[in-house]
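Me: Please take one part of this model and give me a close look at it and at what surrounds it. I want the contacts, the burial and the packing angles, in plain terms.

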Amino acid sequence: MDPLFFKLVRVVNLTARPFHERVGREHQLTLNEWRTMAVLGAQPGLTASQVADQTGLDKMAVSRALAGLKRHRRVQCREDPTDQRRSRLHLTAAGKALHATVSELGREREAALFAGVSADELARLGTTLDRLIASVGGDAEIQAQAHAPAVARSRSSTGSSSEGSGRCV
């Protein structure tokens with residue numbers, strides 16, 4: 001029997017492979033570019049460091065993803081009005097359109113993946129994944145949610161408020 005960690009890695013790999021084959025090639029989009037777009041689609045105006053925190057990618061991977069997204073005019077940098085040393089990232093109109101298309105494909109894939117899993121099992125899995133993310137990522141907000149009652153957790157939003165160098169690359 002495989003260790004749990006290996007099973008997690010395997011699930012990620014098995015779900016990422018079809019992304020590249022089906023979506024990545026068609027839209028000239030890498031998986032890390034998609035991960036970056038997904039975060040910015042949900043939370044416009046993050047810094048590059050915040051994108052790294054939210055995706056779990058290292059800063060170099062985010063930098064490469066942002067370079068590709070900018071090259072295809074899917075992301076733009078805007079100066080932070082409160083701190084001119086920092087830039088905020090936003091999807092362009094083309095980026096938003098691609099985000100909508102790929103998000104729909106992702107929802108279809110997710111529905112197929114979880115078709116045989118009950119709502120209770122999905123809720124437990126979500127809670128467990130939140131705890132794992134908190135333990136390896138050090139995210140104080142997620143750690144608090146992981147220890148909060150399930151009702152409170154279902155009403156709260158996820159996200160990191162960590163700041164850092166936010167200059168666009």
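Reply: What follows is an account of helix α2, residues 31-42, and of the parts around it.

This is a predicted model, in which local features need pLDDT of at least 70 and side-chain atom pairs count only at pLDDT 80 or more, while totals for chains, interfaces and linings use all residues. Residues are numbered from 1 along each chain as its sequence is written, and side-chain values use heavy atoms, with hydrogens and water left out.

The setting comes before the helix. The protein chain has eight helices and two strands (DSSP runs, H or I of at least four residues for helices and E of at least two for strands, numbered from the N terminus). In sequence order the pattern is α-α-α-α-β-β-α-α-α-α. The chain has 169 residues, and 33% of them count as buried (under 20% relative accessible area; exposed is over 50% and partly exposed lies in between, with a 1.4 Å probe and protein chains only). Among contacts (heavy atoms within 4.5 Å) with a separation of 6 or more, 55% join residues 24 or more positions apart.

The approach to α2 is through the loop between α1 and α2, where Gln 28 is placed. Phi of Gln 28 is near 50 degrees, a positive value in a residue other than glycine. Most residues other than glycine have a negative phi. Gln 28 counts as exposed because its relative accessibility is 53%.

Within α2, a useful residue to follow is Thr 36, which lies in this helix. Is Thr 36 buried or exposed? Thr 36 counts as buried, because its relative accessibility is 0%. Apart from neighbours within four places in sequence, Thr 36 is in contact with Val 51, Thr 55, Ala 65, Leu 66 and Leu 69. One of these pairs can be put in numbers: Thr 36 and Leu 66 stand 30 residues apart in sequence, with 7.5 Å between their C-alpha atoms.

The packing of α2 against α3 comes next. The axes of α2 and α3 are 10 Å apart and the packing angle is about 105 degrees (axes are lines fitted to C-alpha atoms, for helices over the stretch in contact, and angles run from 0 to 180 degrees between N-to-C directions). The two helices are therefore roughly perpendicular (65 to 115 degrees; under 35 is roughly parallel, over 145 roughly antiparallel and the rest oblique). On the α2 side the contact is made by Arg 35, Thr 36, Val 39 and Leu 40, and on the α3 side by Val 51, Gln 54 and Thr 55.

Helix α3 covers residues 48-55, and its buried residues are Ala 48, Ser 49, Gln 50, Val 51 and Ala 52. These pack against α2, and also against α4 (59-71) and β2. Just after α3, Gly 56 has a positive phi of about 80 degrees.

Helix α2 also meets α5. Their axes come within 10 Å and cross at roughly 105 degrees, so α2 and α5 are roughly perpendicular to each other. Trp 34, Met 37, Ala 38 and Gly 41 of α2 meet Gly 95, Leu 98, His 99, Val 102 and Ser 103 of α5.

Some of these residues recur in the largest nonpolar core (buried Ala, Val, Leu, Ile, Met, Phe, Trp, Tyr and Cys residues joined through side-chain atoms within 4.5 Å). Of its 22 residues, Leu 29, Met 37, Leu 40, Val 75, Leu 89 and Val 102 touch the most other members. At least two residues of this core come from each of α1 (4-27), α2, α3, α4, β2 and α5.

Val 75 links this core to a further stretch. Not counting residues up to four places away in sequence, Val 75 touches Leu 40, Leu 66, Leu 69, Lys 70, Leu 89, His 90, Leu 91 and Thr 92. Thr 92 sits in the loop between β2 (83-91) and α5 (93-113), and is buried because its relative accessible area is 15%. With neighbours within four places left aside, Thr 92 is in contact with Arg 73, Arg 74, Val 75 and Gln 76. Thr 92 and Lys 70, 22 residues apart in sequence, are 9.4 Å apart from C-alpha to C-alpha.

Arg 73 belongs to the loop between α4 and β1 (75-80). Its phi is near 60 degrees, a positive value in a residue other than glycine. Arg 73 counts as exposed because its relative accessibility is 63%.
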